[in-house]
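Dear colleague,

Please find below the structure that I am handing over to you, with the sequence alongside. My findings follow directly after it, and I would suggest keeping the structure open while you read.

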Amino acid sequence: MNSVKVPKTRPHPLSKRNLALLWDAHTAVGVLIGPLLLIIFVTACFVPVQEYLTGWSEPFLRAGAQGPGYAHVFDPVGDAPVDALHLHLLGDAGGLVELELEPPEGSGLEETTLWVDGSTGEWRPQVSEVVHEIYNLHFFYQVPGGIYVAGLVGLTLCGALLSGILVHLRDLVPHFGRLRKRPVRARRADWHTLLGTLLAPWLLILAITGAMLGLANLYVGSHVPTAMDGDVREAWRHMGYGWPESEGDAVPGHVPDLDRTIARAREVLPGLEPHWMGFERPGAEDAVVNVYGHLPGVPALGAHVGMVEATGEVLQVNDPDTDPPGGTVNRWGIALHFGDWGGTFVRLAYIAIALASVGLSLFGMVVWRSRNRKGRFARAVEVLTVVCSVGLLTAIGAALASSQLLPLVMDDSGWWQTAVLFGGWLLTVPVAWAVPASRATDWLLHAAATVFTVAATSSLVLVTPTSLALWQQGRGAVLAVDIGLYIVAMGCVAVALRVRQREGGAA
Amino acid sequence: MIRWRSKEGSWLRTLVAVPGSFFTLWLVTLAITRWVPDDLLGLTLALVYLAVFLLWPVAALWALTVEDPRRTGLVMLGVSVASAAAALL
């Protein structure tokens with residue numbers, strides 16, 4: 001019988017030299033953008049359900065509207081001078097509206113945001129900014145130019161994913177699903193490879209669309225002086241962002257007819273579900289209203305009607321049939337990035353992808369740290385990793401808990417809630433610095449479990465109306481958020497126990 | 001610091017691969033949209049917008065592994081300058 005010598009390991013498709021270069025690129029990118037990626041991934045766990053979280057965190061929204069309809073939505077405006085009125089229609093909340101009043105330029109007045117019950121005209125100033133801040137943190141909006149940094153991180157993530165695929169090319173299929181028990185470092189490396197393999201297609205889509213969203217302004221804007229004679233509006237029109245504007249003077253006390261505007265928009269685009277509306281210079285002769293919304297079967301806010309407020313004359317329509325090519329690319333980019341294309345199931349899947357991505361990043365960091373035990377740089381990266389993952393999660397939990405508890409003891413707690421988010425996050429730095437990473441992770445995960453439990457329990461029994469009372473009224477969204485927060489708390493405890501067990505095993 | 005596996009890694013190689021390839025691609029697309037007929041501008045802008053973000057990671061990894069980063073860098077510089085000139089003409 002002839003025997004054939006089979007090599008124990010197949011040769012890598014890449015040359016030794018290229019493999020080493022790509023390994024270095026993969027490692028360097030992972031280490032250098034890791035903390036920023038973790039901020040993006042942790043906040044991404046909350047962004048897909050931000051509308052539910054907003055409804056959960058605002059006492060006025062929890063109470064819900066007295067009835068459907070928008071007959072009194074502009075009652076709070078009165079005779080206040082405004083240049084524009086922007087409305088965010090909260091679809092699942094009866095006649096509830098987020099109303100922004102934009103004062104005339106140079107008036108010295110500040111933009112105001114109110115929550116309004118369209119059926120009665122009852123209103124409250126917007127208090128909690130926590131959910132907005134979490135959303136903004138996903139794009140680093142708090143930092144000047146942060147959106148461009150987020151775009152570059154997305155772009156760099158594409159490089160990390162591609163280099164990861166290339167360096168593991170030999171083992172991706174034959175060793176798919178392999179999780180070696182010993183040594184611990186090999187098991188963690190296997191987890192990193194497995195998660196990376198499973199997530200690669202989805203993360204590539206999210207990274208590319210994230211880079212496009214983050215850098216669109218800069219990239220498309222750069223073509224304006226060379227290809228469009230400096231006309232910025234032409235660039236936005238090509239990208240599907242254009243909208244008609246008014247130049248007249250708004251008339252104080254003028255009350256736009258919201259129901260008639262919605263009816264007219266639906267005449268133009270049958271089936272339109274308005275989500276966002278902007279009245280520019282309301283009452284002026286050339287006043288314009290722009291209506292954005294969902295069309296059945298069209299991803300993202302795929303439809304827009306711009307018209308003259310007084311006459312309903314249509315000035316611009318954007319829908320899949322009339323969109324410019326850039327508009328189609330943008331619409332799909334937004335839909336794919338935010339999971340705005342397949343309902344609640346897809347949004348929950350996006351949360352799962354974000355959570356798994358946190359795991360991917362952390363396993364990568366742990367493997368790298370185990371090979372780089374010495375030096376201040378490695379320790380600084382480790383501290384940043386803890387702060388930007390479990391540290392941020394704890395701070396978000398504390399801020400969500402504060403959004404429930406602080407309104408019970410003070411009227412205007414908005415600033416304090418934001419302070420809890422960022423102050424709490426800052427406090428995790430000395431914790432991560434003072435003790436070994438595994439212990440800091442353990443402590444912070446337990447702290448996160450505590451604050452998420454406090455947040456959910458406060459909503460369940462303390463805040464008026466309680467989520468149980470709302471559930472009995474047939475409104476289960478708030479209770480669903482509570483359940484989600486309990487699941488996060490239990491997940492934190494489970495991971496903390498696992499970390500403790502593993503560290504014990506490794507020791 | 002990061003422990004490197006390759007003996008060939010250098011600042012020049014990194015510079016060519018990361019910002020170099022990105023700005024070269026960007027400038028090439030500026031030249032394309034400058035000279036494309038007006039009625040094709042919208043379609044071209046959408047295509048190059050997609051292409052830059054899809055191609056850059058591949059271009060960067062390729063540029064990272066070239067034999068001679070100095071020569072590749074010079075070629076990229078030449079293409080960038082020519083594209084910038086074509087875009088500004």
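I begin with a single pair of residues: Val97(A) stands opposite Val116(A) in strand 3 of chain A. Please bear in mind throughout that this is a predicted model.

**The sheet of chain A**

The pair just named belongs to strand 2 (residues 96–102) and strand 3 (residues 112–117) of chain A, which are joined in the antiparallel sense over six bridges. Strand 3 of chain A also pairs with strand 4 of chain A, again antiparallel, through three bridges. Here Leu114(A) has Pro125(A) of strand 4 opposite it. Five residues lie between the strands in this hairpin, and Gly121(A) adopts a positive phi near 85° there.

In what order do the strands of the open sheet follow one another? The sheet has eight strands in the order 4-3-2-1-5-6-7-8 in chain A, with antiparallel pairing. Strand 4 (123–125) and strand 8 (314–318) of chain A are its edge strands, each pairing on one side only. From one strand to the next, the twist averages 20°.

On the other side of the order, strand 5 (residues 273–280) of chain A pairs with strand 6 of chain A in the antiparallel sense over seven bridges. Within strand 6 of chain A, His294(A) is the bridge partner of Glu273(A). Strand 6 then runs antiparallel to strand 7 (residues 303–308) of chain A, with six bridges joining them. In this part of the sheet, Tyr292(A) is opposite His304(A) of strand 7 of chain A. Strand 7 and strand 8 of chain A, finally, are antiparallel and share four bridges, and Gly306(A) has Gln316(A) of strand 8 as its bridge partner.

Why can strand 6 of chain A be called largely enclosed by the rest of the structure? Strand 6 covers residues 288–294 of chain A, and six of its seven residues are buried, so the strand is largely enclosed.

**Two helices in contact**

Helix 2 (residues 50–57) and helix 4 (residues 130–138) of chain A have axes that come within 9 Å and cross at roughly 155°. Angles over 145 degrees count as roughly antiparallel, and these two helices of chain A are therefore roughly antiparallel to each other. Helix 2 of chain A contributes Gln50(A), Leu53(A), Thr54(A) and Ser57(A) to the contact, while helix 4 of chain A contributes Val130(A), Val131(A) and Tyr135(A). By class, the residues of this contact are four nonpolar, three polar and no charged.

**Domains of chain A**

Chain A is divided into domain 1 (13–58 + 127–240 + 324–370), domain 2 (66–119 + 250–311) and domain 3 (372–507). Between the C-alpha centres of domain 1 and domain 2 of chain A the distance is 34 Å. Eight residues from domain 1 and six residues from domain 2 of chain A take part in their contact. On the domain 1 side, helix 10 (residues 325–338) of chain A gives the most, with four residues. That side has four nonpolar, one polar and three charged residues.

**Chain B against chain A**

Between the chains, 30 residues of chain B are in contact with 34 residues of chain A. Helix 1 (11–35), helix 2 (41–64) and helix 3 (69–88) of chain B each supply at least two residues of the side that touches chain A. Helix 2 of chain B gives the most, with 16 residues. The residues on this side of chain B comprise 21 nonpolar, five polar and four charged.

Yours sincerely

Note on methods: Residues are numbered from 1 along each chain as its sequence is written. Chains are lettered from A and ligands numbered from 1 in the order in which they are written. This is a predicted model: local features need pLDDT of at least 70, side-chain atom pairs count only at pLDDT 80 or more; totals for chains, interfaces and linings use all residues. Two residues are in contact if their C-beta atoms, placed from the backbone, lie within 7 Å. Ala, Val, Leu, Ile, Met, Phe, Trp, Tyr, Cys and Pro count as nonpolar, Asp, Glu, Lys and Arg as charged, and the others, Gly among them, as polar. A residue is buried if 20 or more other C-beta atoms lie within 10 Å of its own, exposed if 12 or fewer, and partly exposed in between; C-beta atoms are placed from the backbone. Two strands pair if DSSP finds at least two bridges between them. Domain bounds come from an automatic or database domain assignment. Axes are lines fitted to C-alpha atoms, for helices over the stretch in contact, and angles run from 0 to 180 degrees between N-to-C directions. Angles under 35 degrees count as roughly parallel, over 145 as roughly antiparallel, 65 to 115 as roughly perpendicular and the rest as oblique.
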